[in-house]
Structures are given as structure tokens and as C-alpha cells.
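Here are some short exercises to work through with the structure open beside you. Try each task before reading its solution.

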Amino acid sequence: MTSLPEPLPTCAAPLLEIDVLRTFVCIAESGSFTRAAQQIFRTTSAVSMQIKRLENLLGCSLFVREARRIALTDDGERLLGYARRLLKLHEEAVGAFIAPRLNGRVRFGTPADIGTHILPGLLSQFARSHPGVEVNVSVGRTIDLIQRIDAGELDVALLSVGNAGQDDTRGEVVHSEPLVWAGRAGGVAAERTPLPLALATPDCAWRRLALHALDRVGRPYRIAYSSEQCAGQEAAMIADLAIAPYPLSLVKPPLKRLDEGPDLPALGDYQIKLLRAADRSEPAEELSRQVIAALNVYRK
């Protein structure tokens, strides 16, 4: 009688998932579950569940919540080194056997206020999934990006809806959120007369919406600070030297959303559109798809 082979011993060591390790590293490097979720295009709750599962698997806590950021525990610090090495080895192994599906170049344009918040995570994700594609990024004003699309100098561009000279019928709406008044928490800039404003350049959508709203209710104002970058507006607000129109998702401490009323009118919604060149490549189409996915997660 032939005896059956002995069953293989069951592996007692837990298996670490590459996707979960990538989430762990993103949180450790960004110091925030929310920022990490934006970078890997997941919801914050999904990221929290991944880390909870990892902590249960390893039997230890990996993060401790501090005042304004997430810090690693001693066990988290130990795991971070292993996780980075495992991710690098994983990418090397995949690259050794799987040739890139897409090759070529994509010319991508974005206004600074949009690119600052979604570009790091978006480009990191795109580079991992399509290492054979070169992405050239141009940051500029929406009106200039439209002209470069028409001139064949860009393949894909994000646009701030409402800019002077823009044809609002063009492009696909990929993000919409309230534009609100923001200022320093506990500050007094909103109480001054005339109202001091921190605005971008004259062709900015936020500026146009804000000035039209104030003119409509007859609220006196002065442009106290002007900057092409939203970081300049933020600096003036933090110093309590002015208030500014700001997308709700960007209002973070020490800034706060200011109460709207007769003297501080509602601004409505702020939209982002995706405009694609008529003659575009497959890599450009794939980047467009990932941009839309990133903004869908960012909106949540």
C-alpha cells in the first residue's frame, strides 16, 4: 500500500502585503492619514483599516497621534526600514520580468493651486504603474495652458473654471467644491474697512468670483496682497493681514472658514476641468484617467 505524502508544514509567519506596506510608508513620510490617502488615491477610512489590519497582524501599535501630526512608535520606526527595502525589492523584481505596457511622453499642464495638492501623489502612482512613460509637467496660468493645448504644446491640462478669457464650454468637469472666505482663526482682518484681501493675479477664478460677489453687495474692499501662488495668499491670512477666497478643502488650521452674511457674500462652487488635446497618445489618455481618479478621491 502506497503511503500518502506528509502535508507541508503551515507557515506560521504572517504575510506582509505590498499594498499595505506602501500605505504605511506614505503615512510615515507625510505625517498624516489624510495626506497619505490622497497620495495613494484611497479614502481616509480605507487607509485606517489597512493600518489597523497591519497592526493586528504584527501585534503592535505603529503610530501615535500627536497634536497636529501622526508620529511613529518605536515598532513603527523598526518596520519603516524593512518596508522601504521590501518595496524597493518588489519594484526591482516586477521590473525584471514585466516590460512596461506603455512607453512615450506626456506633456501635462496644471495651475499651481491645483498641482501643489495632487501632483506629488499622482506622479508617484503613475510612475509606479507606467515606468516607461516620461511625464513633463508645466505649471502656469489657466489661460496660458489653454493656449498651449491649442498650439499642440500640451497633451492634457487641468483648468480653473471662471478665468478671464476662458471658454467655459470646453473640457470635462472633474472636481467641484465650495469656494469660501478664509482667514486666521481668532483674527480681526475680516472686521476691517475697507476689507483687506489677499488675491492671485487678475485672471484667477477665485479672484474673479470674490470681487464680483463683493461688488454685488457693495462691500468696500482693497487688494492688500497679490500673489501668483496660493502660498502667498495663505501667508497673508496666517499673519491676519487679509482674508481670501479659498477652496474649502484647503482651509486648515490656523486658518478657518469665515461666516458668510450680508457683508461677506457666498461665493458658490469652484470647479476644475480637464482639457485634452485633439491629437493625444495612449499614455496621455492613461494619465487623464488617473488624474480623474485622483480628484475623485480628493473630493471625498
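**Exercise 1.** In which helix is Leu57 found? Then place this residue on the surface.

Solution. Leu57 is found in helix H3 (helices are DSSP runs of H or I with at least four residues, strands runs of E with at least two, numbered from the N terminus). This is a predicted model, where local features need pLDDT of at least 70, side-chain atom pairs count only at pLDDT 80 or more, and totals for chains, interfaces and linings use all residues. Residues are numbered from 1 along each chain as its sequence is written, and side-chain values use heavy atoms, leaving out hydrogens and water.

Next, Leu57 is partly exposed, at 38% relative accessibility (buried is under 20% relative accessible area, exposed over 50%, partly exposed in between, with a 1.4 Å probe and protein chains only).

**Exercise 2.** How many disulfides does the model have? Explain the count.

Solution. Start with the rule: a disulfide is a pair of cysteine sulfur atoms within 2.5 Å. The closest cysteine sulfur to that of Cys204 is in Cys230, 9.3 Å away, so it is too far for a bond. The count is therefore 0 disulfides. As for their surroundings, Cys204 is buried at 14% relative accessible area, and Cys230 is buried at 12%.

**Exercise 3.** Which residues of strand E9 are buried on each side?

Solution. In strand E9 (residues 244-247), Ala244 and Tyr246 are buried on one side, and Pro245 and Pro247 on the other. Now find the partner: strand E6 (residues 172-184) pairs with E9 in the antiparallel sense over 4 bridges (pairing takes at least two DSSP bridges). Val180 stands opposite Tyr246.
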